[in-house]
Amino acid sequence: MTRQRNSQRRERSASARGGLVRGAVVLVVAAVTVSVMLAFLTPPVQGSELASSPGAAASSRGTSGSTEGGRATPDSTPTSSAEPTSDASDGATSDTGTASPSLPTATPTPTVPDPVLGPQASFFEDFDTPAASGGQFAATYAGAWQAYDEGTSDKYYSGALTSAHDGVMDVAMNGTQGAAGVFGPPATAWAQTGGTFSIRMKVEGGRGNGTAVMLWPTSNDAAEGELDYPEGGFSGKPDVFHHSMVPGHADKAYRIRTHASWEGWHTYTTVWVPGKSVSYFLDGVLLETVTESVPTTPHRYTFQIGNRGKPGHVLIDWVSIQP
């Protein structure tokens, strides 16, 4: 009888353990089922797609620290430093990475106009006639280069720095003087609305300095739009800074990096369709098209270089403008 009772106890114990195991399995299956259902019913986290938005792209490219209020016509009073804002070491423009809803953003467009380059443009200057600095260059190229008045901002002395030789316009850098002027004939250079603007150039030396080639408003009102290309310090890269036209935010800019070298010959082209788009090309290849903060008022195609850094030369092979 004792052996039979022990056998019955073992059977009841085994049966109880089997029930517990089956119960645990049921609970696990139920938990998994509930988790799967919740995964399908729970909405995605808000903002999970922001990384691919145009605003996020603008933030990642950063902003330009340049302010161009001093780009004045010779008979106006400059209001600020007129070359790219830079640090004391290399003249590079700042890149704060600050996001702002007012920044223009780049949007691909189905059709982009081909850039008009070289002699086929309405205005073209290749600086084939030699001309010394000190006034001869200004006289020889009076139909192509409109320099700022000597001593503008107590900084720009284009006559002393600018010459032509070997088929190039040579803007010398001496560390104490800068140069500034506008490309084009006197009748139209200071006020152009839309068109294709191209310059082929390279830099020798000049570390610590920087330059900006830009379309700047004839009115000197930065809120009418500022298109800088190429711009940067010579120890960095020549980039695009497409500025916002939102009042109070003109210092913010959408930056397009070229990864080109100032030391090599490159053609930088801006195709501006007023109120619609601005397309930026490097050596004839489209970088990006921007469709926000697109100017509609007259601008001038301006070149400026600072008055600091080591000796060197900016060499300009040719400039072309197609209205």
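N220 lies in the loop between β7 and β8. In this predicted model, the phi of N220 is near 65°, a positive value in a residue other than glycine. With a relative accessible area of 25%, N220 is partly exposed. A second case is H259, which is not a glycine either and has a positive phi of about 60°. H259 is placed in the loop between β10 and β11 (266-273), and its relative accessible area of 64% makes it exposed. As background, most residues other than glycine have a negative phi, and most peptide bonds are trans.

The loop of N220 leads into strand β8. Seven of the seven residues of β8 (residues 227-233) are buried, so the strand is largely enclosed by the rest of the structure. On one side, five bridges join β8 to strand β7 (residues 210-217), and the two run antiparallel. Within this pairing, T211 stands opposite G232 of β8. Strand β9 (residues 239-243) is also joined to β8, through three bridges and again in the antiparallel sense. Here D228 faces F241 of β9. The connection from β8 to β9 is a hairpin of five residues. Strand β8 also contains P230, and the peptide bond between Y229 and P230 is cis, with omega at about -5°.

These strands belong to a wider arrangement. An open sheet of seven strands runs in the order β2-β5-β14-β7-β8-β9-β10, with antiparallel pairing. The edges are formed by β2 (145-147) and β10 (253-256); each has a single partner strand, so one side of each is left without a neighbour in the sheet. On average, and with direction ignored, neighbouring strands of this sheet are turned by 30° against each other. In general, strands of a sheet pair through backbone hydrogen bonds, either parallel or antiparallel.

Elsewhere in the sheet order, β5 stands beside β14. Strand β5 (residues 179-183) and strand β14 (residues 299-305) are paired antiparallel over four bridges. One of the bridge pairs links G181 with F303 of β14.

F303 leads from the sheet to the nonpolar interior. The largest nonpolar core has 42 residues, of which F183, I199, M201, Y301, F303, V314 and I316 touch the most other members. F183 illustrates the packing: leaving aside neighbours within four places in sequence, F183 is in contact with F127, A144, W145, M169, A189, Q192, I199, Y301, F303, I316, V319 and I321. There is also a second, separate core of six residues, among them Y148, Y156, V182 and W190. In soluble globular proteins, nonpolar side chains tend to be buried together.

Which residues does a buried phenylalanine such as F281 contact? F281 is placed in strand β12 (residues 277-282), and at 5% relative accessibility F281 counts as buried. Beyond its neighbours within four places in sequence, F281 is in contact with V112, P113, P115, Y229, T267, Y268, T269, V271, L286 and L287. Y229 in this list is the residue joined to P230 by the cis peptide bond. The C-alpha atoms of F281 and S198 are separated by 9.1 Å, although the two residues are 83 residues apart along the chain.

Burial is not confined to nonpolar residues. D317, in strand β15 (residues 312-322), counts as buried at 18% relative accessibility, because the limit is 20%. The side chains of D317 and R200 are joined by a polar contact of 2.6 Å. Besides R200, the contacts of D317 beyond four places in sequence include E125, D126, F127, G167, V168 and W265. F127 is also among the contacts of F183.

Confidence in the model varies along the chain. The average pLDDT is 77, and 67% of the residues score at least 70. Over residues 1-14 the pLDDT stays under 50, and the model has zero contacts for this stretch beyond four places in sequence. Residues 32-101 also have a pLDDT below 50, but this stretch has 136 contacts in the model beyond near neighbours in sequence.

Methods. Residues are numbered from 1 along each chain as its sequence is written. This is a predicted model: local features need pLDDT of at least 70, side-chain atom pairs count only at pLDDT 80 or more; totals for chains, interfaces and linings use all residues. Side-chain values use heavy atoms; hydrogens and water are left out. Buried means under 20% relative accessible area, exposed over 50%, partly exposed in between (1.4 Å probe, protein chains only). A polar contact is a pair of N or O atoms within 3.5 Å; within protein, one must be able to donate a hydrogen and the other to accept it, and residues adjacent in sequence count only if both atoms are side-chain atoms. Contact means heavy atoms within 4.5 Å. pLDDT is the predictor's confidence in each residue, from 0 to 100. Two strands pair if DSSP finds at least two bridges between them. Axes are lines fitted to C-alpha atoms, for helices over the stretch in contact, and angles run from 0 to 180 degrees between N-to-C directions. A nonpolar core is a set of buried Ala, Val, Leu, Ile, Met, Phe, Trp, Tyr and Cys residues joined through side-chain atoms within 4.5 Å.
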